[in-house]
Amino acid sequence: MSAPPGPDQHLARLVTEARNPASRSLDRMSTTQVVELMNAEDSHVAAAVARAIPRIAQAADLVAGSLQAGGRLVYLGAGTSGRLATLDAAECPPTFSTDPEQVITLLAGGDAAITQAVEGAEDDTAGAARDVDAAEVGPRDTVVGLTASGRTPYVVAGLTRARERGARTVSVACNAGAEVSAYADVAIEVVTGPEVLSGSTRLKAGTAQKMVCNMLTTAAMVRNGKTFKDLMVDMRPTNSKLLDRARRIVAAAAEVDLAAAGRALDEAGGRTKVAIVMLLTGGDAASAEARLTATDGVVAPALDEVK
């Protein structure tokens, strides 16, 4: 039987592994005090993300370019980081009508790791390379590797293989000078500091990573014409709640009542953008669709000739 690995001195030096002086007496605090402390610590996350905005914007432009060129956003992660990426990827099709294959996640340990820990998965460097190869990552793709520590072997190996295959690469870490940053075209470092529960990076670090994912996909989709003003005009009305939302979006965009918006949606076959262009141009579904085809599906320029 092999001896267990010795202590990782590099890991011990990471701020995400450090103890937080404010929570040294966590086990003796009242429930209210615990929650108040967590809330106070969480209040610093947005400021940490704000300091990384220039790099986040660069990364969002890479993602937008990949999607525009017919490529993909490929998230890469292990544990909490991978699960947060999986959540963001899953929300893109209903929010922006993207194909499920346009935003995907390569998760250490596979689908089973979404709901339970898979032992040793984050250390599987060979598995990372295999996953990147199996996904046929290529020059049109942008691969975003998320690791709170900034040193997860699965993520580092996956980004390395993605670069070898010609993909653009982005890293997201919660430590300064992160190891993974050296493997990315754009390195995002959001330093959130020690956790209330030492080393539990599902807390502040997880919140920061979710915020970055939100920014990457939302900004990229805005750049690719998936919105009209602040409205989700490419959403899929797949249930009664979303159908109601689609009516309200059309009504707000075209400044009509809900009844008129509903009729336009029916005539447009449930396509929100088509209904909006119909109402704002006074044309039928076919003419609205032709306008949108001419502008690659972007609503604003499809209305440019309307006085």
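**Exercise 1. Describe the second largest pocket of this predicted model.**

Step 1: volume. The second largest pocket holds about 230 Å³.

Step 2: lining. There are 14 lining residues, and Asp234, Arg271, Thr272, Lys273 and Val274 lie closest to the pocket's centre.

Step 3: elements. α11 (272-281) and α12 (285-294) each give two or more residues to this lining.

Step 4: classes. Sort the lining and you get five nonpolar, five polar and four charged residues.

**Exercise 2. Do the same for the largest pocket.**

Step 1: volume. The space in the largest pocket is about 550 Å³.

Step 2: lining. It is lined by 27 residues; Ala78, Gly79, Thr80, Glu122 and Thr201 are the closest to the centre.

Step 3: elements. Both α5 (79-96) and β3 (142-147) supply at least two lining residues. α5 gives the most, with four.

Step 4: classes. The lining splits into ten nonpolar, ten polar and seven charged residues.

**Exercise 3. Find the largest nonpolar core and trace the contacts of Ile188.**

Step 1: general idea. Nonpolar side chains tend to be buried together in soluble globular proteins.

Step 2: core. The largest nonpolar core has 30 residues. Tyr75, Val144, Ile188, Val190 and Leu216 have the most contacts inside it.

Step 3: elements. Those giving two or more residues to this core include α4 (53-68), β1 (73-77), β5 (186-189) and α8 (204-223).

Step 4: one residue. Set aside sequence neighbours within four places. Ile188 then touches Ala52, Arg55, Ile56, Ala59, Val170, Ser171, Val172, Ala173 and Val212.

Step 5: a separate core. Apart from the largest core lies another, of 25 residues. Among them are Ala268, Val274, Ala288 and Leu292.

Note on methods:
Residues are numbered from 1 along each chain as its sequence is written. This is a predicted model: local features need pLDDT of at least 70, side-chain atom pairs count only at pLDDT 80 or more; totals for chains, interfaces and linings use all residues. Side-chain values use heavy atoms; hydrogens and water are left out. On a 1 Å grid over the protein atoms alone, a cavity is a set of points where a 1.4 Å probe fits but cannot get out, and a pocket is an open set with protein on both sides within 12 Å along at least five of seven lines; lining residues have an atom within 4 Å of a point. Grid points are joined across faces, edges and corners, and a volume is the space filled by probe spheres set on the points. Ala, Val, Leu, Ile, Met, Phe, Trp, Tyr, Cys and Pro count as nonpolar, Asp, Glu, Lys and Arg as charged, and the others, Gly among them, as polar. A nonpolar core is a set of buried Ala, Val, Leu, Ile, Met, Phe, Trp, Tyr and Cys residues joined through side-chain atoms within 4.5 Å. Buried means under 20% relative accessible area, exposed over 50%, partly exposed in between (1.4 Å probe, protein chains only). Contact means heavy atoms within 4.5 Å.
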